[in-house]
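Subject: Structure handover

Hello,

Here is the structure for you to look over. My notes follow below it.

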Amino acid sequence: MISISFLTLQENDAVELASILNEHRLLMFGTLENHVDLLWDGNTTERRHLTHLSGFTKALLYSTVENKAIEVLGDRLVRMWAQPVTNLDPKSTKQLMSSLAKA
């Protein structure tokens, strides 16, 4: 399984994506956080406020989730990344593995 993250321009973009991924059983334990990107222009910084949507999915579904995120948000998807999860508590693992779509 993997922990997957998306940065979006607006909170409603992240909620829209979470809703669609949930509908297709591609994301569990979704969370939203405020995020600030530091952008550099020479020695000057600019702050860009983004929304960070994160959750878990099965590793085999990464390309499916990636394609769906790009389809839904297009340019409103600022960044996406995933990290392998080597351990999760047994109750959450069972729930995750039984509730997500099969690849």
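A definition before the notes: axes are lines fitted to C-alpha atoms, for helices over the stretch in contact, and angles run from 0 to 180 degrees between N-to-C directions. With that in hand, take helix 3, residues 90–99. Helix 3 lies across strand 2 and strand 3, and runs at about 90° to strand 2. Please keep in mind that this is a predicted model.

The sheet

Four strands make up an open sheet. Their order is 2-3-1-4, and the pairing is antiparallel. Strand 2 and strand 4 are at the edges. Each has a single partner strand, so one side of each has no neighbour in the sheet. From one strand to the next, the twist averages 25°.

Strand 2 and strand 3 run antiparallel and are joined by 12 bridges. Within that pairing, E33 has H52 in strand 3 as its bridge partner. The two strands form a hairpin, with two residues between them. G42 sits in the turn and has a positive phi of about 70°.

Strand 1 and strand 3 are also antiparallel, with seven bridges between them. Here S3 stands opposite F56 of strand 3. Helix 2 packs on the sheet and touches strand 1, strand 3 and strand 4. The direction of helix 2 makes about 170° with that of strand 4.

The nonpolar cores

In soluble globular proteins, nonpolar side chains tend to be buried together. The largest nonpolar core in this model has 15 residues. Which of them touch the most other members? They are F6, L17, L21, V65 and M80. Four elements give two or more residues to this core: strand 1 (2–8), helix 1 (11–23), helix 2 (62–73) and strand 4 (77–84). Helix 2 supplies the largest share, four residues.

V65 is worth a look on screen. Leaving aside residues up to four places away in sequence, V65 touches I4, F6, L21, L26, T57 and M80.

Another core lies apart from this one. It has five residues, among them M28, F56, L96 and L100.

The aromatic pair

There is one aromatic pair in the structure. F29 and F56 form it, edge-to-face. Their centres are 6.1 Å apart, with 75° between the planes. F29 is in strand 2 and F56 in strand 3, 27 residues apart, and the pair links these distant parts of the chain. Are the two rings buried or exposed? F29 is partly exposed, at 31% relative accessible area. F56 has 19% relative accessibility, so it counts as buried, the cut-off being under 20%.

The salt bridges

Side chains of opposite charge can pair when their charged atoms come close. A search of the whole structure gives five salt bridges. Three of the pairs are described here.

R76 pairs with E16; their closest N and O atoms are 3.3 Å apart. R76 is in the loop between helix 2 and strand 4, while E16 is in helix 1. The pair therefore ties together parts that are 60 residues apart in sequence. R76 is partly exposed, with a relative accessible area of 28%. E16 is partly exposed too, at 32%.

R48 and D37 meet in a salt bridge of 2.8 Å, N to O. R48 belongs to strand 3 (residues 44–57) and D37 to strand 2 (residues 28–41). They are 11 residues apart, and the pair links distant parts of the chain. How accessible are the two partners? R48 counts as partly exposed, at 27% relative accessibility. D37 is buried, with a relative accessible area of 9%.

K68 forms a salt bridge with E71, with the closest N and O atoms 3.7 Å apart. Both lie in helix 2, three residues apart, about one turn of the helix. K68 counts as buried, at 18% relative accessibility. E71 is exposed, with a relative accessible area of 60%.

One network also turned up: D13, E16 and R76 are joined by salt bridges that share partners.

Best regards

Conventions: Residues numbered from 1 in each chain as written. Predicted model: local features only at pLDDT ≥ 70, side-chain atom pairs only at ≥ 80, totals over all residues. Heavy atoms only, no water. Core = buried A, V, L, I, M, F, W, Y, C linked by side-chain atoms within 4.5 Å. Buried < 20%, exposed > 50% of the residue type's maximum accessible area, 1.4 Å probe, protein only. Contact = heavy atoms within 4.5 Å. Salt bridge = Lys/Arg side-chain N within 4 Å of Asp/Glu carboxyl O. Pairing = 2+ DSSP bridges. Phe/Tyr/Trp six-rings, centres within 6.5 Å; stacked < 30°, edge-to-face > 60°.
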